[in-house]
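Grab a pencil and work through the exercises below. Each one sets a task and then walks through a solution step by step.

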Amino acid sequence: MLDRKTSEVRVSANSNAVVTGGRLLLAGAGGVLVYFSHEPHGHFWAAIFGVALFYFALMPWPFVAATDKAAAPTAGRGALLGYVHAVCLYLPLLPWVGEFVGALPWIALSLACALYSLITGAFGALVARWRFGFLAFPLVYVAVEYALSSFPFGGFSWVRLAWGQINGPLANLAPWGGPALITFATVLLSASIAACVHGLLSRVEWSPKGSVVAWSMVVAGLMISTSMIAGLAVNRDAPTTGEVTVAAIQGNVPRMGLDFNAQRRAVLANHVNVTKEMATDVHGKGESVDMVFWPENASDVNPFADDEAFERISGAVAEADAPTLVGTLTKDEVGDRNTAVIFDPDNGPGDYHHKKYLQPFGEWMPYRDFFRNFSEYVDMAGNFKPGDGNGTVRMGDHVVGVATCYEVAFDMAYRDAVKAGAQILTTPTNNATFGFTDMTYQQLAMSRIRAMETDRAVVVSATSGASAIVHPDGSVSQHTEIFQPGYLVEKLPLRDSVTFAVRYGQWVQWLLVAGGVAVMAASMIGARRGYTA
């Protein structure tokens with residue numbers, strides 16, 4: 001027979017396993033919920049409750065005996081919870097990465113990005129022991145997200161929590177602090193909800209501990225009301241200096257896949273033909289356009305090295321009778337460039353933007369010899385060189401900000417352009433290599449956030465879709481379907497406003513990150529001293 005002490009140990013071990021399993025289930029379910037906040041699903045509330053589940057999983061549980069090891073997760077167990085949460089988010093979010101190159105890159109990227117959440121979970125478990133830890137956890141989250149968005153190889157900003165808030169009230173914070181502030185507010189609201197539920201489950205009276213319930217409710221209310229008021233900062237008439245009629249061209253590609261470059265002349269022909277169709281329709285109504293936007297890679301034939309491509313582009317621009325931004329490939333003394341160049345109907349080629357923020361493992365390949373051991377697709381990655389401009393081009397009398405495809409995920413791409421005088425923005429993009437996946441819709445959400453952040457209209461032109469017209473309030477007035485040729489024409493405002501986020505957004509992010517680092521340091525010191533209040 002087992003003695004009483006052995007029996008108690010076994011019961012305790014079983015209890016620990018059950019509680020740990022419950023925490024893992026909550027963390028994983030939270031990650032799946034956050035995924036559904038991103039486009040094309042766009043359920044912004046899912047991220048709020050998803051992060052709330054994650055934070056609740058990190059908290060000491062009031063219904064577990066305080067002497068039980070499972071009552072509060074250690075930093076190590078918190079790290080595991082963070083990793084599970086992130087894996088359950090990134091795996092469904094990023095399948096487009098492997099659409100035509102197999103599952104290995106997709107899974108590898110998802111698991112690598114999730115490593116950062118080891119830090120979120122570890123320190124989250126420590127601060128969750130604090131009475132008002134729900135106020136500190138958002139700073140930890142933002143600091144780790146900043147690291148993921150910055151290192152290595154320029155980071156991977158695509159997975160930021162803020163993008164999933166485009167359809168909710170917290171997106172209104174964009175002009176005040178950009179994605180970093182939106183992420184902070186989302187996690188603060190989430191952690192406040194978790195703290196409130198935790199306090200209610202603890203059945204505390206209105207004592208110092210009970211005040212956590214009251215304060216968490218107050219913080220949650222303030223977050224929602226403040227975000228609603230913050231939206232009044234954009235889309236006002238005062239900064240509007242004029243209007244322009246724009247056209248976004250979507251020529252489409254003959255077929256999907258990585259070999260779209262082999263179809264380059266057909267892709268060019270498609271964009272020429274759709275531009276001429278647009279010109280015929282618009283001029284037939286007695287109207288005109290002021291600017292035309294072609295997508296990234298609309299002409300993968302370098303028009304400065306190929307006379308036929310030059311003539312076809314020039315002919316289409318002449319019929320449109322408007323300055324046209326053409327996405328193409330060029331080469332100079334530095335190397336290959338991903339270039340957006342302006343063709344003017346009167347003056348020919350003019351201003352240009354060399355893509356500045358290049359996609360690692362796509363447009364350039366870090367450690368090519370090493371990664372060649374894992375995939376035959378490595379040598380399909382380009383060897384492009386980044387530009388160093390301010391992200392603006394001049395189209396006629398107007399200054400336009402350009403963030404080509406992947407660049408839209410980077411804060412400074414459009415902020416620098418607006419500070420350099422951009423009155424309207426464009427995101428030329430090529431999504432043909434990602435098929436019918438969620439990628440194009442996730443990217444469109446970023447353009448919408450950027451519109452609100454900068455108080456500018458954004459013209460999204462995509463080779464295969466979805467192209468869209470985005471207004472300064474982030475709303476989409478028109479869009480195309482994917483893998484369908486078409487064009488969009490609309491009159492949009494020109495703005496000269498400079499939002500707080502454009503001017504000081506980087507400082508807002510640095511302050512939040514510094515706060516996160518300070519919180520992590522304090523949590524380590526507190527853990528060593530046994531501080532849990």
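## Exercise 1: The sheet that starts with S5

An open sheet of 6 strands runs in the order S5-S4-S3-S2-S1-S12, and its pairing is mixed. This is a predicted model.

**Task.** Work out which strands are the edge strands of this sheet, and describe how S4 joins S5.

**Solution.**
- Step 1. Start at the ends of the order: strand S5 (348–354) and strand S12 (486–495) are the edge strands, each pairing on one side only.
- Step 2. Look at the twist. Ignoring direction, neighbouring strands here are turned by 35° against each other on average.
- Step 3. Now go to S5 and its partner. Strand S4 (residues 336–344) and S5 run antiparallel and are joined by 5 bridges. Within this pairing, Asp344 sits opposite Gly348 in S5.
- Step 4. Add the helix. H10 (residues 307–320) packs on the sheet and touches strand S2 (291–293), strand S3 (324–331), S4 and S5. The direction of H10 makes about 40° with that of S4.

## Exercise 2: The sheet that starts with S6

**Task.** Find the edges of the sheet with the order S6-S7-S8-S9-S10-S11, then say which strands helix H12 and helix H13 touch.

**Solution.**
- Step 1. This open sheet has 6 strands and mixed pairing. Strand S6 (392–395) and strand S11 (476–479) each have a single partner strand, so one side of each has no neighbour in the sheet.
- Step 2. From one strand to the next, the twist averages 25°.
- Step 3. Zoom in on S11: strand S10 (residues 468–470) pairs with S11 in the antiparallel sense, over 3 bridges. Ala468 has His479 in S11 as its bridge partner.
- Step 4. Place helix H12 (residues 411–419), which packs on the sheet and touches S6, strand S7 (398–402), strand S8 (424–429) and strand S9 (458–462). The direction of H12 makes about 145° with that of S8.
- Step 5. Finish with helix H13 (residues 439–454), which also packs on the sheet, touching S8, S9, S10 and S11. Its direction makes about 25° with that of S10.

## Exercise 3: H2 and its helix contacts

**Task.** Decide how H2 is oriented against H7 and against H3, and what kinds of residues make the contacts.

**Solution.**
- Step 1. Take H7 to begin with. Helix H2 (residues 44–58) and helix H7 (residues 174–201) pack at about 55°, with their axes 8 Å apart. H2 and H7 are therefore oblique to each other.
- Step 2. List who takes part. On H2 the contact includes Phe49, Tyr55 and Phe56, and on H7 it includes Leu189, Ile193 and Leu201. By class, this contact has 14 nonpolar, 3 polar and no charged residues.
- Step 3. Switch to H3 (residues 75–93): H2 and H3 pack at an angle of about 160°, and their axes are 10 Å apart. Angles over 145 degrees count as roughly antiparallel, so H2 is roughly antiparallel to H3.
- Step 4. Here Gly50, Phe54, Ala57 and Leu58 in H2 meet Gly78, Leu81, Gly82 and His85 in H3. Sorted by class, that gives 4 nonpolar, 4 polar and no charged residues.
- Step 5. Check the handedness: H2 passes H7 in a right-handed crossing, and H2 passes H3 in a right-handed crossing too.

## Exercise 4: Confidence

**Task.** Find out where the pLDDT is below 50.

**Solution.**
- Step 1. Get the overall picture: the mean pLDDT is 91, and 92% of the residues reach 70 or more.
- Step 2. Then pick out residues 7–11, where the pLDDT is below 50. Beyond near neighbours in sequence, this stretch has 1 contact in the model.

Technical notes:
Residues are numbered from 1 along each chain as its sequence is written. This is a predicted model: local features need pLDDT of at least 70, side-chain atom pairs count only at pLDDT 80 or more; totals for chains, interfaces and linings use all residues. Side-chain values use heavy atoms; hydrogens and water are left out. Axes are lines fitted to C-alpha atoms, for helices over the stretch in contact, and angles run from 0 to 180 degrees between N-to-C directions. Helices (H or I, at least four residues) and strands (E, at least two) are DSSP runs, numbered from the N terminus. Angles under 35 degrees count as roughly parallel, over 145 as roughly antiparallel, 65 to 115 as roughly perpendicular and the rest as oblique. A crossing is left-handed if the near helix is turned anticlockwise from the far one by less than a right angle, and right-handed if clockwise. Contact means heavy atoms within 4.5 Å. Ala, Val, Leu, Ile, Met, Phe, Trp, Tyr, Cys and Pro count as nonpolar, Asp, Glu, Lys and Arg as charged, and the others, Gly among them, as polar. pLDDT is the predictor's confidence in each residue, from 0 to 100. Two strands pair if DSSP finds at least two bridges between them.
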